[in-house]
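I wanted to look up where enclosed space lies in this structure and how a pair of its helices packs. My notes follow the display.

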Amino acid sequence: MMPPDGTRSVLLVGNFLSKARPGTHSVGEFLAEQLTLLGWRVATTSSHPRRLLRAADMLRTIWRRRRDYAVAQVDVFSGSAFRWAEWTTTLLRRLRKPYIITLHGGNLPAFAALHPARTRSLLQFAHQVTTPSRLICSAVKTLRASITVLPNPLDLSNYFFRLRTNPSPTLVWLRAFHEIYNPCMAVRCLAEVLPFAPGATLTMYGPDLRDGSLNRARSLMRSLNVEGKVLIAGPLQKRDVGRALSEADIFLNTTRFESFGVGVVEAAASGLCIVTTAVGEIPLLWQDGIDALLVPDDDSITMATAVRRVLSDQHLSRQLSQCAHRGAHRFSAQSIIHQWNELLSLAAHS
């Protein structure tokens, strides 16, 4: 049954995997929590760990709970997940349910360029299209005139700011172990930093997505003789990210593709000195030499040089830390969730 105000009921369609895969707390899960606090009745799908069964569960939930929600929000990624979005939005249209789609993923612009007809078809029937990425917005604007850029929200109270005026060589990496995030680059970077800072260490947090990247990283650690300097700490619960980041001074982001970079924003909120690959959305959000140091993709030598700059220049480290923290406030959850509340309310009443 609908609540008394049935229009304040929403179904969020995406990946809700944090219980099955610790360390994968998604933006959708955070959105569900925040909307609930605002008085929305929130249903979610899907938490199934297996991909095809997750897609099937999404369709089943959309149908079975059709009387429980007035509006839906659907996360859209490239690759096989794009087809899931096609299936789910087709079913929502047949049920005459208004829906908002949200575009994610660093590879989505390339996918849209290869499949413009499919992308245009998906976009045109949505009540509203949002994305956290200005890069994605620019890439698909010819396929849909109106797209709202809504950054991924961050609860800044979960992070502990410390100004890094004289940073130690404690490096931290926070992504999933998968080739797209290039964990081996972080290991190579540490090996390049050690002759300059023999006390340097690297802690790597993230789930193993089982594409062989974790094993390759371990093998590289052995071949570079840095095993004693690297801690593979496994996945983190979202509530523990702030604590983990507070224990380091330099954040390494080695991803090959990036549509937003939640981890970078979390590091900024904590005041870490950020050294990141200049891929995807990163150069649009962060200024090289101001609030982060940007390096080319898969260039561990340049990344190590940037780390050495942070360690040897206290003025630079202080500026990076302070400016990054200031920049993180652009993504404060309070204003972004308010915008989500307005968009969903408008769609529910359409």
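**Cavities and a helix pair**

I looked first at the largest cavity and found that α3 gives the most to its lining, with four residues. The model is predicted, so I noted that local features need pLDDT of at least 70, that side-chain atom pairs count only at pLDDT 80 or more, and that totals for chains, interfaces and linings use all residues. Residues are numbered from 1 along each chain as its sequence is written, and side-chain values use heavy atoms, with hydrogens and water left out.

I recorded about 80 Å³ of space in the largest cavity (a set of points on a 1 Å grid over the protein atoms alone where a 1.4 Å probe fits but cannot get out; lining residues have an atom within 4 Å of a point). Its lining includes Met58, Ala81, Trp84 and Thr88.

I then turned to helix α2 (residues 51–64) and helix α3 (residues 80–94), which pack at an angle of about 15° with their axes 10 Å apart; helices here are DSSP runs (H or I, at least four residues). I call α2 and α3 roughly parallel because their angle falls in the class for that term (under 35 degrees).

Which residues of α2 meet α3? I listed Arg51, Arg54, Ala55, Met58, Leu59, Ile62 and Trp63 in α2, which meet residues of α3 including Ala81, Trp84 and Thr88 (contact means heavy atoms within 4.5 Å).

Last, I noted about 30 Å³ of space in the second largest cavity, where helix α5 (residues 116–124) gives the largest share of the lining, three residues.

Terms used
Axes fitted to C-alpha atoms, helices over the stretch in contact; angles between N-to-C directions. Helix = DSSP H or I, 4+ residues; strand = E, 2+ residues; numbered from the N terminus. Parallel < 35°, antiparallel > 145°, perpendicular 65-115°, else oblique. 1 Å grid on protein atoms, 1.4 Å probe; cavity = no way out; pocket = protein on both sides within 12 Å on 5 of 7 lines; lining within 4 Å. Points joined across faces, edges and corners; volume = space filled by probe spheres on them.
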